[in-house]
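Reader: Could you walk me through the aromatic rings here, and tell me what each label rests on?

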Amino acid sequence: IPAMAATLVLLGLGAVPAALLQRELKFGAVASVDAIGTVTAAVVGVTLGLAGLGVWALIWMEVARRLVRAVGFVVAARWRPSFETRWEDLAELTRFNLMTLATRLLSQTDQVIPRTIIGMTMGAQALGYFNLAWRIFQQGSGGLLAPLNAVALPVASGVQHDRAQLHAALGGATRVAAMLAYPA
């Protein structure tokens, strides 16, 4: 666990340039870095596993994946970390994150209310059945909608200043998501 915890720094280092690449709709670069990281991790894991390192082969495999991804994203985005901060950027991030927090709180509340009612009125067994069914539903819809979610925010970000185009993009995304999700 301590060895894996050290890789959190690598995750943090790669997060900003990965987000910048997504915002700039450079999905080819993101996919390339992910593919190189996956292949590198597989080579490291298999090599160390065959060398007899046991569970350490899995740990070093994940370290290699995260290191390659962090370096790859930094290079692909041509991003260099700095301590320079502008108040405008801070204000924009604060507004965005407050709305994100509000959305997540509403989502959590939406999930807690049915569970609370079912648990209080029907008991633990019914709540267990509900949770199992809900998990199956979430995994199915997540698998269908994950590709759309990966593209939706960067596309919306790219057209955010053109309201008509933004509304058209969101309407189209909603229609596609509904056509996929409702029949499933």
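Author: Gladly, starting with a definition: buried means under 20% relative accessible area, exposed over 50%, and partly exposed in between (1.4 Å probe, protein chains only). This is a predicted model, in which local features need pLDDT of at least 70, side-chain atom pairs count only at pLDDT 80 or more, and totals for chains, interfaces and linings use all residues. Residues are numbered from 1 along each chain as its sequence is written, and side-chain values use heavy atoms, leaving out hydrogens and water.

Reader: Why is Phe130 called partly exposed?

Author: Its relative accessibility is 23%, which falls between 20% and 50%, so Phe130 counts as partly exposed.

Reader: How many aromatic pairs are there?

Author: Rings of Phe, Tyr and Trp (its six-membered ring) pair if their centres lie within 6.5 Å; planes under 30 degrees apart are stacked, over 60 edge-to-face, and the rest tilted. That rule gives 2 aromatic pairs.

Reader: What makes Phe130 and Trp134 a stacked pair?

Author: Their ring centres are 6.2 Å apart, within 6.5 Å, and their planes meet at 15 degrees, under 30, so the pair is stacked.

Reader: Why is Trp134 called partly exposed?

Author: Trp134 has a relative accessible area of 27%, between the two cut-offs, so the label fits.

Reader: Why is the pair of Trp134 and Phe137 called tilted?

Author: The angle between the planes is 40 degrees, neither under 30 nor over 60, so this pair, at 5.3 Å centre to centre, is tilted. Together, Phe130, Trp134 and Phe137 form one aromatic cluster.
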